[in-house]
Amino acid sequence: MDHITFLVAVVIVTALAFDFTNGFHDTANAMATSIATGALTPRTAVLVSGILNIVGAFLSTEVAKTISGGIVDDTLVTPGMIFAGLVGAILWNLLTWLVGLPSSSSHALFGGLIGAVWVGAGSHGVHFDKVVEKVLIPAVASPLVAGVVALLATYLAYRLTDRARKKSVTKGFRAGQIASASLVSLAHGTNDAQKTMGVITLTLISTGALGHDAGPPLWLIASAGLAIGLGTYLGGWRIIRTMGKGLTEIQSPQGFAAETASTSVILTSAHLGFALSTTQVASGSILGAGLGRRLAEVRWGVAGRMVIAWMVTLPAAALVGGVSASVVTNGGNVGAAVVALVGAALAAGIVLLSRRNPVDAKNVNDTHEVTIRNEPPSTVGTAA
Amino acid sequence: MHLDWTALGQVTAVSIGVTIAAVTVFALGVLGLARVEAAREENGAGSPLGLAQAGLCFVACAAVVAYGIYLIVPQFR
C-alpha cells in the first residue's frame, strides 16, 4: 500500500461520500411514485431500492474506462483535481437535496471535474463539444422523450380501465409499479455505483497502486456498492416528496405509466447509444403522467424551479470544483485538508438547516412542499 | 455541435412502442382481474374468462420484466 498517498486516500473517501449522496439523491427516481401511491410503504421502498442498488453494483463488471466519458482530458487529471471535482459535486447534491429538487448526480460530477480541470490544467483540458453532446443535449432531450412516452402511457392506462372497478384497478397498478420501480433501481445500481468505482480505479491506476487495465478490486466494489446502497436506504425524503407529491398528485395508474416509461426510456437509451440522464427521465415521466390524466394538476412553479436547478447544476458544481482545485493545486496536502474541512463544515451546515423542517419516512406524503423555514406547526395555538 | 437525430429518434420510437405495449397488456390484465373480483363479489363465483385474461397478460408482462433484467445485467449477455 506504498502507493496510497494522503491525497489518494482523501480521494477514495470523498468518492465514496459522493457515492453516498448519489444514492440518497436518486432514490426518488425509482421510488417516489411508489411511495406516493402507497404501492410500497416508505421504509420498504427504500430498503428494496437500497438492496437492488448493492446487487446492481456487484453485477456490473463493465468498468468505467474514463473518468468523465471524454468531457475532460483524462491525461491532465490529477488526484487533486478529482478530489476538488468531487467536493463540488457533493456540495451541489446536498444543496439541491436541501431545497428538495431532483438534479442529475452525473451532471454534478461532470461539473465539478470541469471546474477543477479548467482551473488546474487550463481551459484546453475541457472538451466543450463533448459537454454539449453528453450534458446539454441529454438534459433537454431526456425530460421531453420521457414526458411524451409517459403522457401517452398514462392516457392509455386510464382510457383502457375506465369502466372497471376502481378498487381492482388501483390494486393492480400498484402491484405493477413495484416491478417497474425495482427495475429502475437495479439499472441505477449497475450504472451509478460503476461511476464511483471508475473514478477510484483510475486514480489508483494513475498512482501505480493498480496495474494498467486493472479492474476494481473487491474491497472497492463492496464499499462503493455499500455506500450507494446505504445512501439509497437513508432516502432523500425531501426529493421523494417533490417528485411524488410536489410536481403533481400521483395516482397508481399514473405511477405505473411513469415508471414503465422511465424504465423503457432508460434501457433503450443505454442500448441504442443515446445517453440520457436518469434523473431527468424520471422527472419528465412524472410530469408526463401528470398531464396524461385529465384535470390532473401539474405544479408548473415546482417544475420551473427544477429546470432552473438542472441548468445551474453544471456551472455551480464547476465553480466549487474550480475554487477547490485552486486551493489544492497551490496548497498541496495542506490545501486538500483545508478543502476537506471546509467542505465537511458546509455539508454539516446543510444537514443542520434541513433539521429545521425535516422530511422523513413518516411525513413524506403529508404535504407537497419542501421548506427550509422553521414554521410553527399549524395545529399549535388556540384557533383550532 | 453534432446531434445524432437518428439515435434520438430510435430511442423515442422504441420507448413509445415498448411502453405502450407493456401498459396496454398490463391494463388488460388489470381488467381481467377486475372482472374476477367483480364476479366474486356479485355471485360468489369466479370468472374463468377474466382469470385466464389476467393470467395471460401478467405472464406476458413478467416476460417483459425478465427481458429488462437481461438487458440490465451484463453477465447475461
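In this predicted model, the number of disulfides found over all chains is 0. A disulfide is a covalent bond between the sulfur atoms of two cysteines. Two cysteines of chain B illustrate the result: B:Cys57 is in no disulfide, and the cysteine sulfur nearest to that of B:Cys57 belongs to B:Cys61, at a distance of 6.9 Å. Because a disulfide requires two cysteine sulfur atoms within 2.5 Å, the separation of 6.9 Å between B:Cys57 and B:Cys61 does not qualify. B:Cys61 is likewise in no disulfide, its nearest cysteine sulfur being that of B:Cys57. As for their surroundings, B:Cys57 counts as buried, with a relative accessibility of 10%, and B:Cys61, with a relative accessibility of 14%, counts as buried as well.

The interface of chain B and chain A was examined next. The contact takes in 35 residues of chain B and 45 residues of chain A, and the area buried between chain B and chain A is about 3400 Å², with carbon and sulfur atoms contributing 80% of that area. Within chain B, the residues that lose the most area to chain A are B:Val11, B:Val23 and B:Ile72, which together provide 18% of what that side buries.

Charged and polar pairs are also found between chain B and chain A, where the count of salt bridges is 3. One salt bridge is formed by B:Glu37 with A:Lys171, whose closest N and O atoms lie 2.4 Å apart. In addition, 6 residue pairs are in polar contact across the interface of chain B and chain A, both residues of each pair having pLDDT 80 or more. On the side of chain B that touches chain A, the elements giving two or more residues are helix H1 (5-43) and helix H2 (48-72) of chain B, and H1(B) gives the most, with 22 residues. Sorted by class, this side of chain B comprises 23 nonpolar, 8 polar and 4 charged residues.

Within chain A, helix H8, which spans residues 237-246, is mostly covered, as 10 of its 10 residues are buried. Among the buried residues of H8(A) are A:Trp237 and A:Ile239, together with A:Arg238, A:Arg241 and A:Lys245. The buried residues of H8(A) pack against several helices of chain A, including helix H1 (6-37), helix H2 (42-59) and helix H11 (300-355).

Two residues in helices H1 and H2 of chain A were considered individually. A:Ala57, which is found in helix H2 of chain A, is buried, with a relative accessible area of 0%. Leaving aside residues up to four places away in sequence, A:Ala57 touches A:Gly189, A:Thr190, A:Ala193, A:Met197, A:Ile221 and A:Gly225. By contrast, A:Ala57 and A:Gln177, which are 120 residues apart in sequence, have C-alpha atoms 23 Å apart in space.

A:Asn22 lies in helix H1 of chain A and is buried, with a relative accessible area of 1%. The side chain of A:Asn22 makes a polar contact of 3.0 Å with the side chain of A:Asp26, and a polar contact of 3.1 Å joins the side chain of A:Asn22 to that of A:Asp192. When residues up to four places away in sequence are not counted, A:Asn22 touches A:Asn93, A:Ser105, A:His188, A:Asp192 and A:Ile228, so that A:Asp192 appears both among these contacts and as a polar partner of the buried A:Asn22.

Notes
Residues are numbered from 1 along each chain as its sequence is written. Chains are lettered from A and ligands numbered from 1 in the order in which they are written. This is a predicted model: local features need pLDDT of at least 70, side-chain atom pairs count only at pLDDT 80 or more; totals for chains, interfaces and linings use all residues. Side-chain values use heavy atoms; hydrogens and water are left out. Buried means under 20% relative accessible area, exposed over 50%, partly exposed in between (1.4 Å probe, protein chains only). Contact means heavy atoms within 4.5 Å. Buried area is the accessible area (1.4 Å probe) that two parts lose on being put together, summed over both. A salt bridge is a side-chain nitrogen of Lys or Arg within 4 Å of a carboxyl oxygen of Asp or Glu. A polar contact is a pair of N or O atoms within 3.5 Å; within protein, one must be able to donate a hydrogen and the other to accept it, and residues adjacent in sequence count only if both atoms are side-chain atoms. Helices (H or I, at least four residues) and strands (E, at least two) are DSSP runs, numbered from the N terminus. Ala, Val, Leu, Ile, Met, Phe, Trp, Tyr, Cys and Pro count as nonpolar, Asp, Glu, Lys and Arg as charged, and the others, Gly among them, as polar.
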